[in-house]
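Visitor: Please choose one part of this model and look at it closely with me, explaining each term when it first comes up. I am new to this, so a slow and careful account would help.

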Amino acid sequence: MKHGENTRNQIAKTGITRRSFAQGLAGAPFALGATAYSVSTARAQDDVRLVVLTHWATQEQREPLEAIFNEYTEANPNVEIELQTVEFAELLNRITTGQLGGDSPDIYHFYNLWLPEFVASELLSVPPEDNASDITSAYAPGTVDGASYNNQVWGYPTEVNDYQLVYNIAHLQEAGLEAPPATFTELREAAQMLTKRDGDDLTQAGFLFLASWDSGVVHPWTSLLWSNGGEYVADDYSEVLFNQQPGIEALQLETDIVNDGSAIMGIPEDADFEAGRVSMTIMANWWGALLRASDIGMENVGVAPIPHGEGGSPIALQYEWLWGVSNATEKVDAAWAFLNWLNSPRGGAETSSPMGDFLTTALNAIPGRTSDQEAHADLLGDPFVQPFVEALATARSEPIIPGAQEIKTTLQTQIESAWFGQTSPEDVLNTAAEAANRILAEQGGA
Amino acid sequence: MDVTTAAERALVGQGRVRTGPRVNRRSLAGYAFVAPSLILLMIFALGPFLFTIWVSLHEWNMLTPIGEMPSVGLANYRYLLSDDPLFRETFVNTVYYALGNVGISVVLALGVALILNGPIKLRAIWRAAFFMPYVTAPVAIAIVWRNMLDGNWGMVNGLLDRFGLPQQPFLDSLEQAMPSMIAVAIWHGAGYYMIIFLAGLQAVPYDLYEAAKLDGAGSWRLFWSITLPLLRPTLLFVIVVNTLASLQVFDLPFVLTQGGPVNETTTLVMYMYETAFSFLRMGRATSMAVMLFAVIFVITMIQLRLLREKE
């Protein structure tokens, strides 16, 4: 019998033909997949796997965060945590595409300005009563407001950022200014005194206005608005109020500084302040990391309260990030339990939470929880950071209203047009208010 | 002349090729070969296009399921055309940018190509030098030029100052921001079109120039009567492609100016992006996309008709 004949006989005995072998080969991946699925399904019934999404994407941020997550999983062996990170510019895209594709994380870390849209779309799970009580009692009022919408707290605040007047100490000393400006009038005068020219060439500008960036334009102006006794929006979100007299005066101050020739417009990437080309600006605490990395020398950087209008008092705008739980997750209890651990003091009321440790040491940020601020008073006592922390006591949250981002962008454009002298402060604010009220009405603000 | 068709006719005339079923089989084979690409095109181009039109008739923030989008009919289009001044402004900005970029870069690229097609020294180096900006990433170019065009401390103002010329605000000026951006775009893209024109020029038969010169034709007559007509297909390609790219520009203004100052350099695609991904108004953004498509389609058809070679 020839070899081939023997083989054919063996195949005939076993009933395996070429066709059936090919069919079996094609079906093998499906069988393997089904087996794997059944195994993973069986494992899922016993363990919990939480997917956490943040914008803390650099290696320096991921590593300490993963170490904290590992600390939790070691104490809770049935919990596995997967950290997903994207750059801030892609975060909202990731959230929306995940929602559309049915691949949403269990826990989001998101910018509080997105709350109205997230709540309207039922993206977020309502915190259990214990978590909500903890949040309202353990954070400053402005911080709680920043995590709330429609009278409901939606998550644990994490890093808090607020705005202050940042100035070049050496410039002020050279100009003979004993203290940074405290009022609108003093701010304008100081900007004039600090501006230097070599003939027609500007060599040093008294003030830097951040342009072409909605937060850079609107946040400082809103701080000035509040510090002048003004309001941004009505309590019931039915209309904006920033076009009233206090807002007009705040914008008039800015246009006066521009028209005096005491200001330049730029973006943080231009590094004009770091290079010593400008003397003052209104900026947020997170800017400190860039200043520390520059050649300006932190001993030369001063921080002061927002200048106030007559009869007003310094009020800084603050914004924040918060942890929230997806409304689509089946692991709601596990997610809130993890967030409770993450944001609670480790070992007693005067200790820091894991989140507080991460924010202060890895990010040089200000933690939102009051006990974390106290526990890290040494780090937060830094001469640059401390004024920002102190300002939180009276700071107000960036208005969390429907269409907030669109309103902010519209306001930015109008404010810039006033800087460039296209129209008067009153006209631009009225134009912005008209657009903002329409947006509020469309988005169900009233 | 279609060579294949002529050859076929010759062979048919000689009785060496049969018509009828064999020609149909060739057609079927052709369809079969293009079918995979056609199917991919339907799925990944036509499908999303139709979906875009569908979404433009709804309100959608991308957080709610697609099946729950409320229908608004043509409300998005009505809003953009009558109640949105920023849409009109960005449309005008986009047309301004396209006219400036296409108009100047085509003429410049053709002029440089004519020069570099001639017997000049170091021709290869000159060609490489003109082409090099094109191979640089637009984002990198925008970052560098932003610093160079700084209104107070940029390198360009430094040069102007050295020659005793007045400093210019460039990107910080409402009037100069767009022309400055157009200049950067021309600097970046002209080299690419120059290469295309060079290829077209080198396809022009030299004996036509010789014959014309024998008849006494000067440089201008040579260019107008020989070069330009024979360069028509290349010119058509360059203008159409440049127009398409200019009307959809995003990366350059996004990095160079962020659309400022005061939206003077905000293009329609930038506004569309912001409306979709910052404001979460996908219905309105897709309406802009549909209208931009319609405009580009009409402009392209007009260009093709005007520049198409007469047969």
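**A close look at chain A**

Guide: In chain A, among contacts between residues separated by 6 or more positions, 73% join residues that are 24 or more positions apart, where a contact means that two C-beta atoms, placed from the backbone, lie within 7 Å. This is a predicted model, in which local features need a pLDDT of at least 70 and side-chain atom pairs count only at pLDDT 80 or more, while totals for chains, interfaces and linings use all residues. Residues are numbered from 1 along each chain as its sequence is written, and chains are lettered from A and ligands numbered from 1 in the order in which they are written.

Chain A has 446 residues, of which 47% are buried, that is, with 20 or more other C-beta atoms within 10 Å of their own, whereas 12 or fewer would make a residue exposed and a count in between partly exposed. Its secondary structure amounts to 19 helices and 14 strands; these are DSSP runs numbered from the N terminus, with helices (H or I) of at least four residues and strands (E) of at least two.

Let us turn to one pair of helices. Two packed helices are described by the angle between their axes and the distance between the axes. For helix H10 (residues 214-227) of chain A and helix H11 (residues 245-259) of chain A, the angle is about 125 degrees and the axes are 8 Å apart. The axes are lines fitted to C-alpha atoms, for helices over the stretch in contact, and the angles run from 0 to 180 degrees between N-to-C directions. H10(A) and H11(A) are therefore oblique to each other, since angles under 35 degrees count as roughly parallel, over 145 as roughly antiparallel, 65 to 115 as roughly perpendicular, and the rest as oblique. Their crossing is right-handed, a word used when the near helix is turned clockwise from the far one by less than a right angle, with anticlockwise being left-handed. On the side of H10(A), the residues that make the contact are Trp221(A), Leu224(A) and Leu225(A), and they meet Pro246(A), Gly247(A), Ala250(A), Leu251(A), Leu253(A) and Glu254(A) of H11(A). Sorted by class, the residues of this contact are seven nonpolar, one polar and one charged; here Ala, Val, Leu, Ile, Met, Phe, Trp, Tyr, Cys and Pro are nonpolar, Asp, Glu, Lys and Arg are charged, and the others, Gly among them, are polar.

Chain A also has a loop worth a look, the one between strand S4 (148-149) and strand S5 (152-153), where Asn151(A) is found. Asn151(A) has a positive phi of about 60 degrees although it is not a glycine, and with 5 C-beta neighbours inside 10 Å it counts as exposed.

Finally, chain A touches chain B, in a contact that takes 26 residues from chain A and 22 residues from chain B. On the side of chain A, at least two residues each come from helix H4 (88-101), helix H5 (115-120), strand S8 (201-210), strand S9 (263-266) and helix H18 (404-419). H18(A) gives the largest share of that side, with six residues. By class, the side of chain A that touches chain B is made of 10 nonpolar, 10 polar and six charged residues.
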